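Here is a model to question. Each label should be held against its definition.

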Amino acid sequence: MSKTKPSSALQANLVLQGDNQPSVSEAQMRLLQAIDSHGSISAAARALGISYKTAWDRIDSMNNLSRRALVTRSAGGSRGGGTRLTEAGRELLTGFAALKQEHDAFVARLGSRVKDVGDVANYLRGAHLQTSARNQYQGIVTRLSRGGVNTEVEVALSDNTQLVAVVTNDSRRNLKLKKGSPVIALVKASWVLLSRDPDIRTSARNQLTGSVSKISRGEVNSEVILDLGDGKTLCAVITNASAKSLGLKKGMTACALFKASSVILMQF
């Protein structure tokens, strides 16, 4: 079986299935390989990080779906018993390994192609980001205004939606931010204030107007989702008392307010 690809490379799993035939997956082949290496179902299960029962269930299913047994087990005897692959099991493992090699070569070529397809590559880089921030956006830096200590960064999330972030000059240099740079913008839902007045004047640099698309009420707080248009949404978490005071309802227009210092930028 081939080695794990570096995290920076395009990755894909191989699953084979003919017309109306059982599928053959990499997970099944890894189990066969582990049994072949360890000669023990318990050792193979430990090596793969699965339970003994899960391993046996998979083996039983594979044996049941194959015309010839793929794995045999013996108990006791002079060698203490064990588990081994049959000739059919070895043939399946060898054949799958050959196809996996071809599949890996194809994925490597596809990965090189993906780098040339900007929108796909950018999505793949940003889609696996995991943070506690409820609002995560990909955007493009459209303007930088440098000051003595901080830099104000304008980021376009779509043709009609922009936000502003303030970062230190050191952060700007470390992130290598410039006009046209792709970035991830993070805004925690608890940092967002809501108003029903789209013309409200505040010191908040970001004022995004949208339509309330969903309200989820909890024991203390309510999660409010605004539809900003262009497929973008924004989540705010406010107290139930605030939601009641504002009289928020689905379909109502509301304005989301948050400071430029509440926006965290990440380079990818």
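The questions below ask what stands behind each label.

This is a predicted model, in which local features need pLDDT of at least 70, side-chain atom pairs count only at pLDDT 80 or more, and totals for chains, interfaces and linings use all residues. Residues are numbered from 1 along each chain as its sequence is written, and side-chain values use heavy atoms, with hydrogens and water left out.

Q: Why is Cys235 called buried?
A: Buried means under 20% relative accessible area (exposed is over 50%, partly exposed in between; 1.4 Å probe, protein chains only). Cys235 has 1%, so the label holds.

Q: Why does Cys255 count as buried?
A: Its relative accessibility is 1%, so Cys255 meets the cut-off of under 20%.

Q: How many disulfides does the structure hold?
A: Zero. A disulfide would need a pair of cysteine sulfur atoms within 2.5 Å.

Q: How do you know that the span of helix H1 agrees with expectation?
A: Helices (H or I, at least four residues) and strands (E, at least two) are DSSP runs, numbered from the N terminus. The expected span is 1.5 Å times one less than the number of residues. H1 has 13 residues (26–38), so 18 Å is expected, and its end C-alpha atoms are 18 Å apart.

Q: Which residues of H1 are buried, and what follows the helix?
A: Glu26, Gln28, Met29, Leu31, Leu32, Ala34 and Ile35 are buried. Gly39 follows, with a positive phi near 65 degrees.

Q: What makes up the secondary structure of the protein chain?
A: Seven helices and 14 strands. Of the 268 residues, 34% count as buried.
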